[in-house]
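Subject: Structure for you to look at

Hello,

Here is the structure I promised to pass on. Please open it first, then read my notes below.

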Amino acid sequence: MTQEKFSSRVAVYPGSFDPVTNGHVDIIKRGIRIFDEIIVLVAYNPNKKSLFTVEERIQMIRENIAEINGVRVDKHSGLLVDYLKSTGASIILRGMRALSDFEYEFQMALMNRRQTREIETVFLMSGFKWFYTTSKVIKEVASIGGSVKGLVPDNVNQKLLGKFNNGRR
Ligand code: PNS
């Protein structure tokens, strides 16, 4: 392992963000207290079928980070480590919720490290309020008419209502 210090503390916060939740925003706000810059990266997860287009997801994130200095949003459809190399960033930021996240996160972190030794994954514990908030559960509840108000930002709530109500009523 190299002893070299990272030159600037740019962290890439990757995810599907389909859609962004209050838990994600919480991690961004915690992260920017530690890092100089955070790039929220809408990345491709081949194991997930998405509800929102990449552009819709970017727009929803953008509206929620507009007032947080040092945070921007980007997209990438290839390997995460290649994105980091292309931007010169060395840190992957991920949120850790309940214990159930642990194994999945470790698999990814170790696989990313195997590919590029210079990259470190840093985990931040999400706020207690968001421990069981996942985009998957939010979409499920919203799709059958339940309320997810308070779990997602208002613009996301509106988008979900639009997506699911339009076809039904
Ligand atoms: O929000 P998610 O779906 O849990 O995020 C997973 C994500 C998008 C970070 C992961 O699938 C990813 O890194 N995708 C980019 C392609 C890649 O590098 N895959 C190998 C990860 S070990």
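The core to look for is an open sheet of five strands, in the order 3-2-1-4-5, with parallel pairing. Strand 3 and strand 5 (120–125) stand at its edges. Each has a single partner strand, so one side of each is left without a neighbour in the sheet. From one strand to the next, the twist averages 35 degrees. Please keep in mind that this is a predicted model.

Start at the strand 3 edge. Strand 2 (residues 37–43) pairs with strand 3 (residues 71–76) over six bridges, in the parallel sense. In that pairing, A43 stands opposite H76 of strand 3. Between the two strands, the chain passes through helix 2, and this β-α-β crossover is right-handed.

Helix 2 deserves a closer look. It covers residues 54–65, twelve residues in total. From first C-alpha to last, helix 2 reaches 16 Å, close to the 16 Å expected at 1.5 Å a residue. Which residues of helix 2 are buried? They are R57, I58, M60, I61 and I65. These residues cover an arc of only 165 degrees around the axis, so they sit on the same side of helix 2. Helix 2 lies across strand 2 and strand 3. It runs at about 170 degrees to strand 3.

Now go to the other edge. Strand 4 (residues 91–96) and strand 5 are parallel partners, joined over six bridges. R94 has F123 in strand 5 as its bridge partner. Helix 4 (residues 102–115) packs on the sheet here, touching strand 4 and strand 5. The direction of helix 4 makes about 175 degrees with that of strand 4.

Last, the loop between strand 1 (10–15) and helix 1 (22–31). Two backbone details turned up in it.

- P19 is placed in this loop. The peptide bond from D18 to P19 is cis, with omega near 0 degrees.
- F17 lies in the loop between strand 1 and helix 1 too. Its phi is near 50 degrees, a positive value in a residue other than glycine.

Is F17 buried or exposed? F17 counts as buried, because its relative accessibility is 3% and the cut-off for buried is under 20%.

If you have little time, view the sheet with its order 3-2-1-4-5, then the cis bond from D18 to P19.

Best wishes

Terms used:
Residues numbered from 1 in each chain as written. Predicted model: local features only at pLDDT ≥ 70, side-chain atom pairs only at ≥ 80, totals over all residues. Heavy atoms only, no water. Helix = DSSP H or I, 4+ residues; strand = E, 2+ residues; numbered from the N terminus. Expected span 1.5 Å × (residues − 1). Buried < 20%, exposed > 50% of the residue type's maximum accessible area, 1.4 Å probe, protein only. Arc of directions from axis to C-beta. Pairing = 2+ DSSP bridges. Right-handed = clockwise from strand over helix to strand, strands pointing away. Axes fitted to C-alpha atoms, helices over the stretch in contact; angles between N-to-C directions. Contact = heavy atoms within 4.5 Å.
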